[in-house]
Protein chains: 2
Amino acid sequence: MVSDAAPAPAKTPVTLREVASAAGVSVATASKALNGQGRMTARTRERIRETAQRLGFRPNSLAQSLLRKRSFTVGLLTNDTYGRFSLPLMAGVSDALVDAGVSVFLCNVEDDQRLGQLHVEAMLDKRVDGIIATGKRIDRHLPVDLANLRIPVIYAFTQPDPDAIGFVSDDAGGARLAVEQFCVLGRRRIAHVSGPASFAVVHERARAYREVLTEHSLPVAEPLLGHWSEAWGHEAVARLFDGKAGRGEKPDAVFCGNDQIARGVIDALRERGIGVPGDVGVIGFDNWEIVAEATRPPLTSVDMNLSALGREAGLALLSLVGGQPAAPGIRKLPCRLVVRQSCGRPPGG
Amino acid sequence: MVSDAAPAPAKTPVTLREVASAAGVSVATASKALNGQGRMTARTRERIRETAQRLGFRPNSLAQSLLRKRSFTVGLLTNDTYGRFSLPLMAGVSDALVDAGVSVFLCNVEDDQRLGQLHVEAMLDKRVDGIIATGKRIDRHLPVDLANLRIPVIYAFTQPDPDAIGFVSDDAGGARLAVEQFCVLGRRRIAHVSGPASFAVVHERARAYREVLTEHSLPVAEPLLGHWSEAWGHEAVARLFDGKAGRGEKPDAVFCGNDQIARGVIDALRERGIGVPGDVGVIGFDNWEIVAEATRPPLTSVDMNLSALGREAGLALLSLVGGQPAAPGIRKLPCRLVVRQSCGRPPGG
DNA sequence: TCACGTTGAGAAAACCTTTTCCCAACCGCG
DNA sequence: CGCGGTTGGGAAAAGGTTTTCTCAACGTGA
């Protein structure tokens, strides 16, 4: 027998049987030694451990899964192929699971029912322990039916089935943060420019906007709804600022439905010689850093904490898989305001 | 026996054994019937198939994998957590593999060696058939060692190990497309504004830029290297256009290293009253649609075809897993020019 | 009738690990 | 010396599928 020195990468994985025979014990004993189970002398256990170490033994996850009926694998379903929402979310999910030794199948289903079916079946066949469904819109379903699946399902940033568990961002809370910030900064005429009325979050944020203004006894302007683009930001500024009303009647703050709109608003204001944040404060939504940091001045924006949301979803799934019960319903996670320069500084500051 | 009508979702998966006993045959026969193997009467085969169908039988992938030593699973390693490069690439990979019944483990390793190790080991334990490594930079390695892995590895949009197979975009070719386009459009004084010198692609594109200009006997200006931001685009315009040289000596076209720089360039030009594309044509790189479509005018840009690159990588891995040999080396995939309005139209058009 | 080939289907091994018995040896105690 | 209890470790089943081998029945030609 040649003593192989460095544990050179074996061409074929070493099995428990090989460890056992190298250590001169049965596979049963070897298994128990490595898992800290059973009874044996400390010396035997240590010898087996060393042998396994030396041979570079790693248990075959497939065999373990087959037996334990637990694959340490979950599926992540998304239809947000190119979007920027799913990536931080996925990172959070993955982050929460990797420490538990759980790997994540990424399944992009677009909006294709057939593709969704295909992926779900593949995941079921592979005996995933659970599924996380995520999308690009809070108020839409994925094109798959996950209702009676015999494995736990968690929804994140997408519309959950009834009786399921879903995590979403607290958009109303996020909107409050933004508008309250304007109030604190002494802004009095706060406008709201947002996306299409077909999005549920548009109404949720608009409601919060109205509430905060009312609470502060400030005038409530009807929100301007358009679409999620810079161009719409430009147009909204034209509508808000190009009238012949005096300076004192025009907005001194604009709360925007996303960062692209805010970018358009800031650019349009600058083109009109209106100072940001001097004359008008601007706050965006999404905190899309690459946009928020490129605006002039850098954009204050509401962050939905998507990565944290993904983490929570991952942990919730883990606990469900572990057999912990959990009440169905929607959990809203708080947003946070990332203050940069576009909103201005406190009067006294 | 009650005839259960609709195949209600069973609480526990139905096994081959159950199918066999329901059809009155042995598991061996059942297996062969469903896989089109072995010899039996057509009637027997059909009866078994129907029984399986009726019971909603789906083979346990874990058991199959254990036996076949093939898990129909691959790992996708990335360190591009928030970036926009990995998403289209992943979509392409997933797309190429889903039809072969192969699922993809998404592993985000950041730039963390420990995390990389962790993920690679988890994937190896789960007996993935192969690994695709992808990153956010073509000229950097991932923080993991995939050299002697006993399973096939493909690199995509990241620096491959020697003797490995890698797919990257043909950046020089992409740059040629852009500069040639300017030449065709009759531009004569073409500038190049790009990212930091620490990126290999910056030099590759600059070389192509010089070559094309030389081929067309046009003056070659030294490329301006800075960083990948809008702010740098602004500054570059200041350097190029704010001198006291006459209009006839200033650039009439700017080829930018990415879309953000191009965005900055266009904005800065507009602020100076210089018309785009009338006075100066602009072409960007990356074709990041959300930026390219928001510039005024919409930005012509080089698309790296990342989704196609992902597809190629996926197919290559599949063929490697299938035992097909493949020569090591780097394969460059062509870019394409997406023409919008910022480059101008042909003189006669 | 016998030898032989074909057909249809089942038994069992294999994949790798975990876990539940089970058993032999040993110890102490009466 | 006999007995119950403990200790160290092994045999075997289980998990679900695939594949090889085996075998009985049957038909055919001599």
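This report on a predicted model covers the surface near DNA strand C and the surroundings of S342(B).

## Surface near DNA strand C

Around DNA strand C there are 25 residues, and those that come nearest are L16(A), Q64(A), L67(A), T29(B) and M40(B). Of the atoms of the strand that come within 4 Å of the protein, 58% belong to sugar and phosphate.

Both chains contribute helices to this surface: helix 2 (27–35) and helix 4 (61–68) of chain A, and helix 2 (27–35) and helix 4 (61–68) of chain B, each supply at least two residues. By residue class, the surface has 11 nonpolar, nine polar and five charged residues.

## Polar contacts with DNA strand C

Two of the side chains reach phosphate oxygens of the strand. For Q64(A), a polar side-chain atom lies 2.8 Å from a phosphate oxygen of DNA strand C. For T44(B), an N or O atom of the side chain is 2.9 Å from a phosphate oxygen.

K32(B) instead approaches a base: an N or O atom in its side chain is 2.9 Å from a base oxygen of DNA strand C.

## Surroundings of S342(B)

S342(B) lies in the segment after strand 12 (336–338) of chain B. The residue counts as buried because its relative accessibility is 0%, where the cut-off is under 20%.

Its side chain reaches the backbone oxygen of V282(B) at 2.6 Å. V282(B) is also among the residues that S342(B) touches, leaving aside those up to four places away in sequence. The others are I266(B), V276(B), P277(B), V280(B), G281(B), P297(B), P298(B), L299(B) and T300(B).

Key: Residues numbered from 1 in each chain as written. Chains lettered and ligands numbered in written order. Predicted model: local features only at pLDDT ≥ 70, side-chain atom pairs only at ≥ 80, totals over all residues. Heavy atoms only, no water. Helix = DSSP H or I, 4+ residues; strand = E, 2+ residues; numbered from the N terminus. Buried < 20%, exposed > 50% of the residue type's maximum accessible area, 1.4 Å probe, protein only. Polar contact = N/O pair within 3.5 Å; in protein donor to acceptor, adjacent residues only side chain to side chain. Contact = heavy atoms within 4.5 Å. Near = heavy atom within 4 Å. Nonpolar A, V, L, I, M, F, W, Y, C, P; charged D, E, K, R; others polar.
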